[in-house]
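Let's take a walk through the side-chain contacts of this protein, charges and rings alike. Have the sequence and the 3D view open as you read.

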Amino acid sequence: MRLREQLPVEAAIALGAFAVVGVEILVTYSRLPARELYHVSGSGLEGGLSRALVYSNFPVALVALAVLGIAYERLRYRAVAIVAAVLCAFVLWPGVVDEADLDARPINAAAALGVLLTCLLVATAPLERSGRRPGDNARVAIAVPLVIVSLPWFAAELGFFLDGVPLLGRLFETGHYLHDRAGLPPFPPAVHHGHHHGMDGLLLVLSALLLSRALAGIRGRGLQSVMTAYLALMLCYGLGNMANDFWIEQIFKRGWTTWPIPNVLEPRLTIAWGIIVIAAAIFWRLNQAAAASRSRDPGRAVPHG
């Protein structure tokens, strides 16, 4: 078996994690009425499938693009990978996923098909073994606190509040809030049931951290540089969405401040998006410098299995 046919195991782990969350979304949106969820109108199995389809577009298609880029050199069916990438890229078109209307539409089938092709490409290829990589300690140090602050979204994903849960019920506001603000969703929970864009942000951050372990395996310098930049942007974009959602739910709704962190779901010419781009450029440059340092010192390199 040639090396190029063995894919990074991180690709399978990332897609597998999204599949688990997709099942949670399907179950929760199928069993709860639409009025308890966010900007959906359907209920029952139809409602669950509809929301799961939109989720397959955002954020899953964004991560599928990263997986395709990282695995491209090793794929046997590269033409299929290109088709999958084009289909996944439909999610980038304005309006394909609308936060104000999360019911599925026919256009959402395009990116969903791209994600399905990506999963099939990864599922039908052997995976290489993976040991420790440079930067793993830093990745864990970033991931652990982010997972902790995301606990309200994990609960919402499963359709319950943290009210009454020892310690967590006091630490996080989830079931209600007393400070109504203009422009907030028209329902009382601080953290509504179902999927949150803060959870999307967490998934994007964790995916970027995980897939960054496979960057060293990309042979083409141009492709490696592009994928490093893409993952850096994914990381910072995810952090921006987490910050916005957490601040609104846990700080703004408690009345501790009247200033909300701006919404960054859609790219715009704003200060917030400027910060995301600058931070991504910094991460990209640091990664490039670290890679150059490792190439000058082969003794520090970690074998790929």
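Arg78 sits over the face of Tyr72, at 5.2 Å from the ring centre. Keep in mind that you're looking at a predicted model.

Now for rings that meet other rings. The structure has four aromatic pairs. One of them brings together Phe18 and Tyr55: the ring centres are 6.3 Å apart and the planes sit at 35°, so this pair counts as tilted. Phe18 belongs to helix α1 and Tyr55 to helix α2 (residues 44-57), so the contact ties together parts that are 37 residues apart in sequence. Phe18 is buried, with a relative accessible area of 3%, and Tyr55 counts as buried at 3% too.

Next, click on Phe58 and Tyr237. Their ring centres lie 6.4 Å apart with the planes at 75°, so this pair is edge-to-face. Here the contact links distant parts of the chain: Phe58 is in the loop between α2 and α3 (60-71), while Tyr237 is in helix α10, 179 residues apart. Both Phe58 and Tyr237 are buried. Add Trp273 to the view and you have one aromatic cluster made of Phe58, Tyr237 and Trp273.

On to the charges. There are six salt bridges in the structure. In one of them, the side chains of Glu10 and Arg213 meet with N to O at 2.5 Å. Why does this pair tie together parts that are 203 residues apart in sequence? Glu10 lies in helix α1 (residues 9-31), whereas Arg213 is in the loop between α9 (197-211) and α10 (221-252), so the bridge joins those two places. Both Glu10 and Arg213 are buried.

Another salt bridge pairs Arg254 with Glu173, their closest N and O atoms being 3.9 Å apart. Arg254 is in the loop between α10 and α11 (271-296) and Glu173 in the loop between α8 (168-171) and α9, so loop is tied to loop across 81 residues of sequence. Arg254 is buried, at a relative accessible area of 17%.

Back to Glu10 and Arg213 for a moment: together with Asp136 and Arg139, these residues are linked in a network of salt bridges.

One more bridge to look at: is the Arg268 side chain that meets Glu266 (3.4 Å, N to O) buried or partly exposed? Arg268 is partly exposed, with a relative accessible area of 48%. Its partner Glu266 counts as partly exposed as well, at 38%.

How values were computed
Residues numbered from 1 in each chain as written. Predicted model: local features only at pLDDT ≥ 70, side-chain atom pairs only at ≥ 80, totals over all residues. Heavy atoms only, no water. Salt bridge = Lys/Arg side-chain N within 4 Å of Asp/Glu carboxyl O. Helix = DSSP H or I, 4+ residues; strand = E, 2+ residues; numbered from the N terminus. Buried < 20%, exposed > 50% of the residue type's maximum accessible area, 1.4 Å probe, protein only. Phe/Tyr/Trp six-rings, centres within 6.5 Å; stacked < 30°, edge-to-face > 60°. Lys NZ or Arg CZ within 6 Å of the ring centre and 35° of its normal.
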